[in-house]
Amino acid sequence: MNAITDDDRTYDVVIVGAGFSGAILAKELVSAGHTVLILEAGADHGKTWETYRSYLDQYYLSLAKTPNSPYPDLPTLPSPSVLDITAVRGTEPDTNGYFVQRGPLPFGSNYLRAYGGTSLHWLGTSLRMMPADFEMQSRFGQGVDWPFGYKDIRSDYERAEWEIGVSADAEEQTPRALGIKTSGKHDNRGYFAKGYDFPMHSIPSSYIDGFFARADGMPIEIGEDPKDTVKLKVSRTPQGRNSTPRKPKNANGIPVGRKMRYQFRPRGSTGPFAYMGQRCEGNSSCIPICPIQAKYNAMKTLEDAKHIRKHHMKTITQAVASKVELAESGRVSGIVYKKYSFSGVAQYELRRAKGKQYVLAGGAVENVTLALASEICRTSGELGRNLMDHPYMMTWGSAPEPVGPFRGPGSTSSYANFRDGTFRDRTAAHRLEIGNWGWNFATGAPNTDVARFVEQENLFGKALRDKLYHDVQRQVRIGTMVEQLPRSTNRVTIDPAYRTPMGEYRPVISYDLDDYSRAGLATAYDTCTQIFQRLGIRNHTAYNPSDAGYFTYDGRGYTFFGAGHLVGTHRIGTHPRNSVTNDVMRTWDHDNLWMVGAGSMPTIATSNPTLTMSAMAYRASRAISDAVRKGGAK
Amino acid sequence: MSQHDNSPAHQAFLTVSAALTGYNSAELQGTGCTGEYWHQFRQVLPEEILNRFLSHAQSLGQGDDDQIIRQTYLSDRCLGPIARSLIQLWYTGQWVPLSQEWRESYGASRFDVVKIISTRSYKEGLVWDAIGAHPMGAKQQGFGAWALEPPRKREAGQ
């Protein structure tokens, strides 16, 4: 057994994880005058131009351009990969990836263990939740209610939107403007605070969005009640990527989180780098890497935090948090971490970080494996349970004319109509995202088209060129993301039989889709079919029983993938018996320990979780700051 | 990698490549990848087969290229698979290995493995031009370009 060396310095706050949440927490806490240490298991990807550039080259050279493909996957620090996912058969778990999959369905999502976290490969979608999403139990008898409502988090949404730099226009984003028949009468009122607007104007809609908008106004029956019929509408999606900064209409500025803000200043890439905050220039590779960092990533916020008070913030990368240690009082006394010098070599030094307050911000799965390994937060029995994702189903086809795919951000618009409605008492809400990259996600286009035309259709020369133009220009795809309910059996556990080469526990995952989500997917498929029929799109969708994510509902088969939205494993709540933390993310069991991130969300709703997770980080940061100031035990 | 390889073999390689891809020799050289691809091609093919492959170049460009390509290349047990790998190399920058059957009949090379030849070859894949787009992650078209009408089809040499 190695001896553990204590770090010299004791910090006000020790944060595990340098992703979305860790970055916002660090920036807020340093701004409030506290000292912060961040432990990050991965390496620093943004230190120099060369580092980041080398990831871009790795992307070019990757045969399968998966979300994690540009970034190193170290045997010492594995990240889950979408290539590892296979169908789970029988009782033997599938262990070929980092996750140990117990099934019955494979959990298809991934994340990135690196400085900046999964923000390095997110798409940039920055949606707020709907008011109904906080009241799933009282409105629909499904899932649980949150311990607070939409209005309680609204000002933190504003802060998060201005930190990420979200491009959208408020008047286009109210539930009514999106064409949603909300389940509550007053949900539209005050969705945005008076005078509020996003820091940058909307990202322009793609030509494909315009093509789909030709079906706007088409009625779709969604519930039993004819009153529930909605009128289709293509609406633009708020995105965390640079467009044109908004000039405030009012000389006093725009109210953001109870402070007035003036014109937003877009940030460029981190490190000494040539790109100093340009608008998105349409590289069409947001997932997995934005070459110029016009898309937000958490390294930008971390950079800000360092500049606010240099000596207040320290980051240690290549430091794998291994155990949360408790004093007899039940308070956390330190975090033991493994500091490795060489990427990929499982040799490390054992060290102990010390602080007054401790925050786990390593993501919904890593937070849980660390907490389970440390045998903490056990009272509720909820730790690791209620794992949720957005089961992601694709429908694709050929448009009757060229629509210009493979240009611009991955998606610029969606059908948001089905994000709320009275149908949610039996069918999951969902959002239909319009893809801008043809069949890329669905079939591996355009490379697979080349292979098929050459190898099977025996084309060459001009005929091959013509066929490629003809077919690929017509490729359209809709991605359905459906909500999941919290289920205690969808969970992350650990098992001493499964460890990494560094001796850390690998996540063991049990996962399934319930009928509520399956009904949502089936309904969405029918809607897509109707849209295709209306627009003359020839349906090419194929779901194969041999697909890893194949499932059936009502006698029909579908295939789903993960959306990378890992939610729910250490949820907030009202009582130590129904939740892991309280509503400001302090653990019920350990007075100076906090768990922050998408794992805090009690339900997933239909919004990509990043914006909500970021807003919640503001909520937690205020409480943590108070706790540091008060000091000592309760 | 030689930038100005005027050897008859290299010229023949370009002539056959042009007939197979539907892009003219100047367009192919414009990718800056001819040297790398010629190198890869020579590393994979036994010399005698390479010579056979290139020997038909002189009959191209005199009228009925389509028939020559179908007859002497695509439907030939030995040259067909090579031609199909070469088309895909130009279009995607990626070498598609020959089949096990082909290797057993004509000879195996340790360079005959699946790979993207270089970062440049990824970006210069002809497929992106053919579909009227740009390589994902490179040669970006500028803010808002995705809102414009789809580009028209471009013919060879246009």
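Student: How many helices and strands does chain A have in this predicted model?

Tutor: Chain A contains 12 helices and 22 strands. Its radius of gyration is 24 Å, close to the 26 Å that the globule rule gives for 634 residues, so chain A is as compact as a globular protein of that length. Along the principal axes, the C-alpha trace spans about 70 × 55 × 50 Å.

Student: Which share of chain A is buried, and what part of its contacts joins residues 24 or more positions apart?

Tutor: Of the 634 residues in chain A, 64% count as buried. Among contacts with a separation of 6 or more, 74% link residues 24 or more positions apart. The surface that chain A exposes is about 22,600 Å², and carbon and sulfur atoms supply 48% of it. As for charge, chain A carries 76 positive and 64 negative side chains, with the centres of the two sets 5 Å apart.

Student: How should chain B be read by the rule used for the radius of gyration?

Tutor: A compact globule of 158 residues would have a radius of gyration near 15 Å, and chain B has 16 Å, which agrees. The C-alpha atoms of chain B fill a box of roughly 50 × 35 × 30 Å along the principal axes. Chain B has nine helices and two strands, and from the N terminus on they run α-α-α-α-α-α-β-α-β-α-α.

Student: What are the buried share, the contacts, the surface and the charges of chain B?

Tutor: In chain B, 50% of the 158 residues count as buried. Residues 24 or more positions apart account for 60% of its contacts with a separation of 6 or more. The accessible surface of chain B is about 7,200 Å², with 47% belonging to carbon and sulfur atoms. Chain B has 14 positive and 16 negative side chains, and the centres of these two sets lie 5 Å apart.

Student: How is a single helix read, and what span should α1 of chain A have?

Tutor: An α-helix has 3.6 residues a turn, so residues three or four places apart point the same way. At 1.5 Å a residue, the 12 residues of α1(A), residues 20–31, should span 16 Å; the end C-alpha atoms are 17 Å apart, which agrees.

Student: Which residues of α1(A) are buried?

Tutor: The buried residues are A:F20, A:S21, A:G22, A:A23, A:I24, A:L25, A:A26, A:K27, A:L29 and A:V30. The helix is mostly covered, with 10 of its 12 residues buried. After α1(A) comes A:G33, whose phi is positive, near 95°.

Student: What covers the buried residues of α10(A)?

Tutor: The cover includes elements of both chains: α9 (447–455) and β16 (475–482) of chain A, together with α1 (8–21), α2 (25–30), α6 (79–92) and α9 (126–130) of chain B. The residues so covered are A:G461, A:L464, A:R465, A:D466, A:L468, A:Y469 and A:V472. The helix itself comprises the 12 residues 461–472 of chain A; these should span 16 Å at 1.5 Å a residue, and the end C-alpha atoms are 17 Å apart, which agrees.

Student: Where does A:D44 lie, and is this residue buried or exposed?

Tutor: A:D44 is in the loop between β2 (36–39) and α2 (49–61) of chain A. Its relative accessibility is 15%, so A:D44 counts as buried, the cut-off being under 20%. Beyond its neighbours within four places in sequence, A:D44 is in contact with A:T51, A:Y115 and A:T317.

Student: Which peptide bonds are cis, and how is the backbone to be read there?

Tutor: Most residues other than glycine have a negative phi, and most peptide bonds are trans. A cis bond joins A:I287 and A:P288, with omega about 15°. A:P288 is placed in the loop between β8 (259–261) and α6 (298–308) of chain A. Another cis bond joins A:A445 and A:P446, with omega about 0°, and A:P446 lies in the loop between α8 (440–443) and α9 of chain A.

Student: What is phi at A:F406 and at A:M585?

Tutor: A:F406, a residue other than glycine, has a positive phi near 65°. This residue lies in the loop between β13 (392–398) and β14 (413–415) of chain A, and at 0% relative accessibility A:F406 counts as buried. A:M585, also not a glycine, has a positive phi of about 75°. A:M585 is found in the loop between β21 (556–559) and β22 (593–595) of chain A, and is buried, with a relative accessible area of 0%.

Conventions. Residues numbered from 1 in each chain as written. Chains lettered and ligands numbered in written order. Predicted model: local features only at pLDDT ≥ 70, side-chain atom pairs only at ≥ 80, totals over all residues. Heavy atoms only, no water. Helix = DSSP H or I, 4+ residues; strand = E, 2+ residues; numbered from the N terminus. Rg over C-alpha atoms; globule rule 2.2 N^0.38 Å. Buried < 20%, exposed > 50% of the residue type's maximum accessible area, 1.4 Å probe, protein only. Contact = heavy atoms within 4.5 Å. Areas by Shrake-Rupley, 256 points an atom, 1.4 Å probe, with all protein chains shown as cover. Lys, Arg positive; Asp, Glu negative; His and termini not counted. Charge placed at Lys NZ, Arg CZ, Asp CG, Glu CD. Expected span 1.5 Å × (residues − 1).
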